[in-house]
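Here's a quick briefing to read with the model open beside you. Skim the bullets and click through the residues as you go.

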Amino acid sequence: MNFWAKLFYVYRKFAKAIKIYLLIAGPGMIVMLADNDAGGITTYSVTGAKFGYNLLWFLLLLLPVAYFVQEMTVRLGAVTKRGHAEAIFHAFGSFWGWFSLLDLILTDWLTLVTEFIGMTAALSIFGIPPVITIIIVSMIMMLMVIKGSYWTWEKIAFLFCAVNLVYIPAAFMVHPSVGDVLYNTVIPHFPKGGFSNEIFFFLMANIGTTIAPWMIFFQQSAVVDKGMLEKDIIWGKIDTFIGSFFTVMIAIFVIVVTGTLLYGRTEIASAAQAAMALMNINHSAGTLLAIGLFDAGFLGAICISLASSWAFGEVFGWAHSLNLKIREAPWFYATYFFALITAGTVVLIPGAPLVLITLFVQVIAVTLLPAALVFLIILLNDEEVMGKYKNTVTQNAINITIVVSIIILSTLYALTALFPNIFS
Amino acid sequence: MIKKIREFLVFGIGNLFRNTRQEVRRINNRYRVPHAKMTKGVKFSLLMLRIYLLVLIGILCYKFITLL
């Protein structure tokens, strides 16, 4: 075979691999980009404004954390063809099943409220009243599922994922020092003054936004709904890795934006506040941050509401697929619309305890996250169910370390949220 | 009109609760037996999880009571 023939062969092989990847990609990429939801963007914005580039290195450590946890849901979904809620009921019985399902529904609904808070705050910057935001957003979310096709939903979700990349041009617009950014990303260190309770709180908050309970339930159900098979696991893993890479990169770019322009200048408490402060310094960057915040809330909302509907459908035995029309899966779509409408309405109630809800989300999520992660590890070690796809010794060592660390840190985070002076 | 609303509230919601109760019972029967292999490690993990959740719920209750 001559050189050109070999090159053409390699090209064809590569093109085929890309084609297969594009067919199978979706759940991993979407869940990871949706992970940077309104709460996540707020955490990164405040981290940048408070500590500048000093904690960028920590975000790199979160890449393997997100990948290894979510990769397990790909294997479990593709092998068992069950969503996480159904898998828990089947493996651990109704007590743990009900606990997980009800906790998931509560956590998801409260998180959905925070996504609506983020979206309304972002569009308020452009003078759009919250009521209009909620009506338009709810309508788009309903239109996304009305066609009864997973592919249509996924393609539209990908569009919103692409909007999530606005933080990259925003970071270039603020002209950061590339050398400083690279140094702070690669060399682990703490800001001047060393390690403090405040830094510890922010590190925990960043971990808390990296792995949320709904992500585990969402990706496993999406893998099942998409019809991924055991032979697709490798592509699902690649999809999850690329998604993890993007989620960390976007987090880094958000911190670069706020770290460059707001560090040491002003105290901020939310992403919307950061966007408004940025607009006074660099209007374009502030505008992109506000657009990104809206998009982050939207992506989070579409995934979270679906995670609940899939879980309900799996357990109650209702038809539960985006490939079904509304009349074919009425309860699946009813729970989806119900969650959307009620969460949106709460944000519009004058005097609703929105700050308390935001705080409550962090605490309630901690009651579900350890259980979901422990169940994931146990299920992935069941040789009868997983066969050759069970966790290897190395995977167990990595995953158990990650899970134990997440449980400890997220518990400390919840305790700090409940009792702010506990470690001072 | 009022009669119809009353009928809906009495029978419709009543039926919904009855059906949900039956549905929950059916699910409980279906998943009565856990299918995971209950090795020592699994039993220990589930015990730890129960203790963890009890402590956490205790802390939440304490916070709730002291807030009132």
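What follows is a tour of some helix packing, two well-covered helices, a few backbone oddities and the contact between the chains.

Keep in mind that this is a predicted model. Helix 4 of chain A turns up twice below, passing helix 10 of chain A in a right-handed crossing and helix 9 of chain A in a right-handed crossing too. By contrast, helix 5 of chain A and helix 11 of chain A cross in the left-handed sense.

**Helix 4 with helix 10 (chain A)**

- Helix 4 (residues 56-80) of chain A packs on helix 10 (residues 197-210) of chain A at an angle of about 30°, and their axes are 10 Å apart.
- That angle is why helix 4 of chain A counts as roughly parallel to helix 10 of chain A; the cut-off for that label is under 35 degrees.
- On the helix 4 side of chain A you'll find F58(A), L59(A), L62(A), V65(A) and A66(A), which meet L203(A), N206(A), I207(A) and T210(A) from helix 10 of chain A.
- Sorted by class, this contact of helix 4 with helix 10 of chain A comes to seven nonpolar, two polar and no charged residues.
- As background for reading such a list, an α-helix has 3.6 residues a turn, so residues three or four places apart point the same way.

**Helix 4 with helix 9 (chain A)**

- The axes of helix 4 and helix 9 of chain A come within 6 Å and cross at roughly 55°, which makes helix 4 of chain A oblique to helix 9 of chain A.
- Here L56(A), W57(A) and L60(A) of helix 4 of chain A meet V181(A), N184(A), T185(A) and V186(A) of helix 9 of chain A.
- The class split for the contact of helix 4 with helix 9 of chain A is five nonpolar, two polar and no charged.

**Helix 5 with helix 11 (chain A)**

- Helix 5 of chain A and helix 11 (residues 213-226) of chain A have axes that come within 10 Å and cross at roughly 120°, so helix 5 of chain A is oblique to helix 11 of chain A.
- Helix 5 of chain A brings H84(A), A85(A), L104(A), T107(A), D108(A) and T111(A) to this contact, while helix 11 of chain A brings P213(A), W214(A), I216(A), F217(A), Q220(A) and S221(A).
- The contact of helix 5 with helix 11 of chain A has six nonpolar, five polar and one charged residues.

**Two covered helices**

- Helix 11 of chain A is mostly covered, with 14 of its 14 residues buried.
- Its 14 residues should span 20 Å at 1.5 Å a residue, and the end C-alpha atoms of helix 11 of chain A are 20 Å apart, so the two figures agree.
- Helix 14 (residues 283-316) of chain A has 34 residues, which should span 50 Å at 1.5 Å a residue; its end C-alpha atoms are 50 Å apart, in agreement.
- Because 30 of those 34 residues are buried, helix 14 of chain A is largely enclosed by the rest of the structure.

**Positive phi values**

- Most residues other than glycine have a negative phi.
- K81(A), which is not a glycine, has a positive phi of about 60°; K81(A) lies in the loop between helix 4 and helix 5 of chain A.
- K81(A) has 15 C-beta neighbours inside 10 Å, so it counts as partly exposed.
- H175(A) is another non-glycine with a positive phi, near 50°, and is found in the loop between helix 8 (167-173) and helix 9 (178-186) of chain A.
- With 11 C-beta neighbours inside 10 Å, H175(A) counts as exposed.
- Two glycines follow helices: G227(A) comes after helix 11 of chain A with a positive phi near 80°, and G317(A) comes just after helix 14 of chain A with a positive phi of about 75°.

**A look at T43(A)**

- T43(A) sits in helix 3 (residues 38-51) of chain A and counts as buried because it has 24 C-beta neighbours inside 10 Å.
- Apart from neighbours within four places in sequence, T43(A) is in contact with A205(A), N206(A) and T209(A).
- The C-alpha atoms of T43(A) and V254(A) are separated by 9.7 Å, although these residues are 211 residues apart along the chain.

**Where chain A touches chain B**

- The contact takes 19 residues from chain A and 19 residues from chain B.
- On chain A, the elements that give two or more residues are helix 5 (84-124), helix 14 and helix 16 (354-380).
- The side of chain A that touches chain B has twelve nonpolar, five polar and two charged residues.

How values were computed: Residues are numbered from 1 along each chain as its sequence is written. Chains are lettered from A and ligands numbered from 1 in the order in which they are written. This is a predicted model: local features need pLDDT of at least 70, side-chain atom pairs count only at pLDDT 80 or more; totals for chains, interfaces and linings use all residues. Axes are lines fitted to C-alpha atoms, for helices over the stretch in contact, and angles run from 0 to 180 degrees between N-to-C directions. Helices (H or I, at least four residues) and strands (E, at least two) are DSSP runs, numbered from the N terminus. Angles under 35 degrees count as roughly parallel, over 145 as roughly antiparallel, 65 to 115 as roughly perpendicular and the rest as oblique. A crossing is left-handed if the near helix is turned anticlockwise from the far one by less than a right angle, and right-handed if clockwise. Two residues are in contact if their C-beta atoms, placed from the backbone, lie within 7 Å. Ala, Val, Leu, Ile, Met, Phe, Trp, Tyr, Cys and Pro count as nonpolar, Asp, Glu, Lys and Arg as charged, and the others, Gly among them, as polar. The expected span of a helix is 1.5 Å times one less than its number of residues. A residue is buried if 20 or more other C-beta atoms lie within 10 Å of its own, exposed if 12 or fewer, and partly exposed in between; C-beta atoms are placed from the backbone.
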